[in-house]
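The following exercises concern one residue environment and one chain-to-chain interface. Please work through each task before reading its solution.

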Amino acid sequence: MKPKIIPIRQLRYHWPLYLFILPAAALLFTFQYLPAVTGIFHSFFRWNGSDISEYVGWDNYHDLLSNSEFWQSFKVALLLGTFNVLKMIPPLAVAVCIHRCRSQRIQFFYRTMFVVPMVIPGLVIALIWRSFFFESTSGYLNRFLISTGAMNVLGRLDAFFGWGGVFAAGRSPAWLGEPRLILVACIVWGFPWVGSFAVLIHLARLQAIPKSLYEACEIDGAGWWTKFARLELPMMLSSLYLVFVFVIIDTIKDAGTIIALAGFEGGPGGVATVPALFMIRKAFIDQQMGYACAVGIVLMVLILATQKLATSLVEWEDHSPAKRRLLQLLIAVLLIALGGLVSIWLLAACAAITLAIVWARRHRRPIDWDPGPSTWCPPPRKPHSPIRRAVADLWPRLLKHGYIWFILLMALLPLYLMLIVSGKENVQFYAAPATVTLPFHWENWSAAARLVMPTVANSIFISGFATIITLVLALLAAYFFARLRLPAHGLLWNALLLLMMLPAIANLVPLFRILHDLNLLNTLTALILVGASGAIVFAVFVLRAFIADIPQDLFEAAEIDGASHWRQLHTVVTPLSGAVLGTIAITVFVNVWNDFVLPLIIMRDQARLPVMVQLIRMAGEYIKYWGPMMAGYSLASIPIVVLFMLSMKLFIRGLTEGAVKG
Amino acid sequence: MIHRMLSTVRASLSLVLIIGAFAWACASVVARHEQANAPGTITLVIGHWQLETSAREAFDQLAADYRRDVNPNVRIEQIVVPDSMYGQWASTQLSGDTAPDLMECLEGHIPRTKWISYLARYFVPLSDVVQRANPYDAGTPLAGVPLAQTYKDDMRYGYIDELQQYMVVPLSQFAVRVFYNRDLLKRLTGRDVAPTNYREFLEVCRQIASKRDEHGHPFTPIACAGASHFPSWEQLMFDAPTYGAMRLIDFNRDGCHTPEELYIGIETGKISFDFPGYRAKFQMIREMTPYFQNGFTGLSRDEAVFLFAQQHAVFIPTGTWDARSLQEQARGRFSVGISNFPVPDKTDPEFGPYIDGPVYDMPMIGISFGVARSCKHQDVAIDFLRYLTSQRGNEKFNRIVGWIPTIRDTSLDPFLAAFEPRLFGVFTALDPKLGAESMITWNQLESLFEAGQIDYDEFAKRFTKYELERGPREFAELQRDWQRDYVIDEGIAASMRAQALLSPPAQANAAWINYRALIATQQIGLAIDHARKAALLRGIGIDAPAPYDIRPDAMQAARRQALATGTAQSGATR
């Protein structure tokens, strides 16, 4: 429903509605727009963040654009992005397989089982991979490759292709210490890549497909692939697009994973330096804050352009021929400009995804379900014997469940290792790293609790308050945008939409300065306010769509009864939006909980650290005590797993009710 | 009915759990906040990267002693940051004015040039403090002796030449040696002690690498982690042939070589990476690194220590800081030997021509602390530093950690006697780290060279290209830093002049000597030095600022500051 337009002369009746947007606007202005604007300003200065500030014109940009390290970092991001796009496939396949299970109980079981690896913080998984899988002398990856003989095969391949002796029989490659392997490690980590909420988002979309369509497919004799290609994929386009856009943006702006895996130098030879890490290094090691602001601006422009290009490609069929030609030209220019294998890989992956989406859209018509005589075809003949029919049905089912279990076990492996190692002493760990050993040292947990629990309390405090602030301010702002169309409505909405696309990481440097000027560095308040300001945009976007769908009659009835806007929000909107608010709350809580780049930069005192930063510090110890460290990782994950377990139903309901409409 | 009740209970339980967890978190945060801000309590924050458990214990113990003996209202809080991120963390805290009150020296984590500019900008000069007697030495033979002179090296390391000030206070002394597993060496090579001759050492490494353990895995001769151990190999061994470069690039004839001088040398064509000594250094790296741990460039310190402790590696180069933990890990399993680095001597057929003598074993004065300008209780912070550097305090601190005390007449663990430094010989003449960017580029290219991805010619070509393209920018930044310090010094000089003018006759002479020393060394000497450098570069078209080539606004600021300081000084004298 479109909001009713209010002309200026009627403003005196509705002006209090502006008060609804005011708190969110103030927060967004301070922590999102102001950093962006001051970032542009500072990018023209030689600025060290404190006493040196000299105007240099375009020098920073000129210098940056001629800096080969910067462009190299983009190549790395493109390579990682290509693989991140490909990593979208396993969650999609898992969601489809789970959805195809006939029994509701089995579906519920799988869904519940997948929640645990999904909600374990990405940082914990990255640190586990760094410590256990990639460790050169006793890491699981090398042990696996050596024990299965795969290392010998790799050694032969190395000799054949001339990889320079990275792999050799009897040698344990250092995955994070070898310049030629570090990017492979950055791609492989997290296998089978079913983290984040992708599986749940896809499942929610799949559940929205009417059963009648499946029945119609059955009657038509559609096979599993036809069902997927002609029914499920077209229906999931919006969620796929959402995940696709997030993947692109995340890849360019992500520095946290690389910091966790390879450190601030981007590993040996700086091979794994991505643009965001390049910027952080410039700002917080070289103290070239003005230069870093210029990096942020270039990053922002490139992300916006990438996003625009992705949207244009997905909406290919809706464009006029002239626009299509323009896009083709643009892509050709990009191809030439980027050059190199990496860009071709990325564009090939983007093209593959786009083609799949376009193809699915082209075949969208059957969903409208108008089976004319020409499209009808008789169902294939099935084997008459019930035994043969059962056998024929068995293989696909076995494959489906086999795939789900394989992915599930692989996804649970880090969790398993984390738990068993948490009860080991170092001697036990070195002797038997992958199996349970006795005695189980519970004292590791008490040692870890002393180190981690205060930071867990900090994280709950920060995430809890950030969630509350987000919900309250976003609900007010969404009501403003959904209910009526006041003057400046469009301007404000577009300003908000622009923020959705701005990468927060690009603002990190000026944000740091603003927090300094507000005397908020090294405070929990800073993390709460910045966390909330980052989450509000998405929350408003989702809630506005939801509120706009509430029947207008309800509001009109309330207005006739003399209800003010506040009253309408309280009595009409809030009771109806429980599930969506719940979903948003969980998403915000988890995101703020998992964030560690900002706290890593702005927090100083041990007593105020959030748990993620504490985990990074624990991982940097000289002599690692594996048991307490893994117990610490477990303690950092437990609150978030419990929260999700307690609220999963609400989360799924929120997703199906429209939280992923965007 | 029961189902509905159950679901209500479940929903309520979830809610209670979530609210309960949130309430606990709030209570916990508030309680800690109140504890930290208890009335009358002074909280002193110490930031360092000494992750050894014993170092934390030592600080805690000395802090407890300080509370008991001196000031019960002082609460001392440690922030221990892994050294892999200490540089970034400390830089951020300094620029955000949230630096810990006492901060460990950043040298080694950022280029020295950067560190000097940080010291000038963010730290309190301590000359005044260290030239007075330490009150906590009362009743000891060091009573009444100025703090600086109670140090074994007269606190040479705490004095920053570039700033002409004592800026940091060291707590311990370090040295690096090659540790080895005696039993494993004997088993694999038949030798009782590690060779110190370069060629013999290579041969021993070759023998070790050819042997396999009971599982068929080859032994690693040298456990080494790139960032932690490789610099020691460089400084104490691989850099030995580079000393000859000093004759080409020591433009100011001070007997030292700086990154600026190397840069000018490259820019003006007086030296290049074709210099035989530099080539020899990298040849030595090429010969030695195949015996290092696989992928050592990106490994962390614990991975190298692990390999050594598991008896998979024979040698590990490390310092006094690891001596105790290595001994503990070896106890009952193998015996640990300590040896000097196998530096080639003049008789070496390949490197002999480039070796001028033994390598100067610079005593590494570590764990030095400065007082941040942003510290709200500078007097308490300085007092705690005095406590830590008193004879008793320093001895106790180092006894707990297992390191070498820096203060004279303190007792020492007999095991550490092997770390007595050799204070003669040649030192490095290849420091290309002009700024943070060149440091990262150099490290990255060196990693690629060590991993065998590029050869020396490629390495030299890439770095020279970088130096010629980006060097001017970093060099100019260094010049600007110097000019900024120059402005600060103008202020200091003005106040010293005022003090000399207003001093009573008995003290006036000393005050004038101080003033002239500052002018001669810090102002005139450095200005001539920079002028010479600028003249060298102007010849090739790089415009480096000359002395007194100060912007009008900077001069204005200096005048204002001088006036303010001078007025304050004269007021204080009256």
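Contact means heavy atoms within 4.5 Å. The model is predicted: local features need pLDDT of at least 70 and side-chain atom pairs pLDDT 80 or more, whereas totals for chains, interfaces and linings use all residues. Residues are numbered from 1 along each chain as its sequence is written, chains are lettered from A and ligands numbered from 1 in the order written, and side-chain values use heavy atoms, without hydrogens and water.

**Exercise 1.** Determine how many residues of each chain take part in the contact between chain B and chain A, and how much area the two chains bury.

*Solution.* Begin with the residues: chain B supplies 74 and chain A supplies 75. Next, take the buried area (accessible area, 1.4 Å probe, lost by two parts on being put together, summed over both). The value is about 6200 Å², with 55% of it on carbon and sulfur atoms.

**Exercise 2.** State the number of salt bridges between chain B and chain A.

*Solution.* Apply the criterion of a side-chain nitrogen of Lys or Arg within 4 Å of a carboxyl oxygen of Asp or Glu. The count is 3. A salt bridge joins the side chains of B:Arg470 and A:Asp63, at 2.9 Å from N to O.

**Exercise 3.** Decide whether A:Leu145 is buried or exposed, and list its contacts beyond four places in sequence.

*Solution.* Buried means under 20% relative accessible area, exposed over 50%, partly exposed in between (1.4 Å probe, protein chains only). A:Leu145 has 10% relative accessibility and therefore counts as buried. Beyond its neighbours within four places, A:Leu145 touches A:Ala150, A:Met151, A:Leu154 and A:Trp175.
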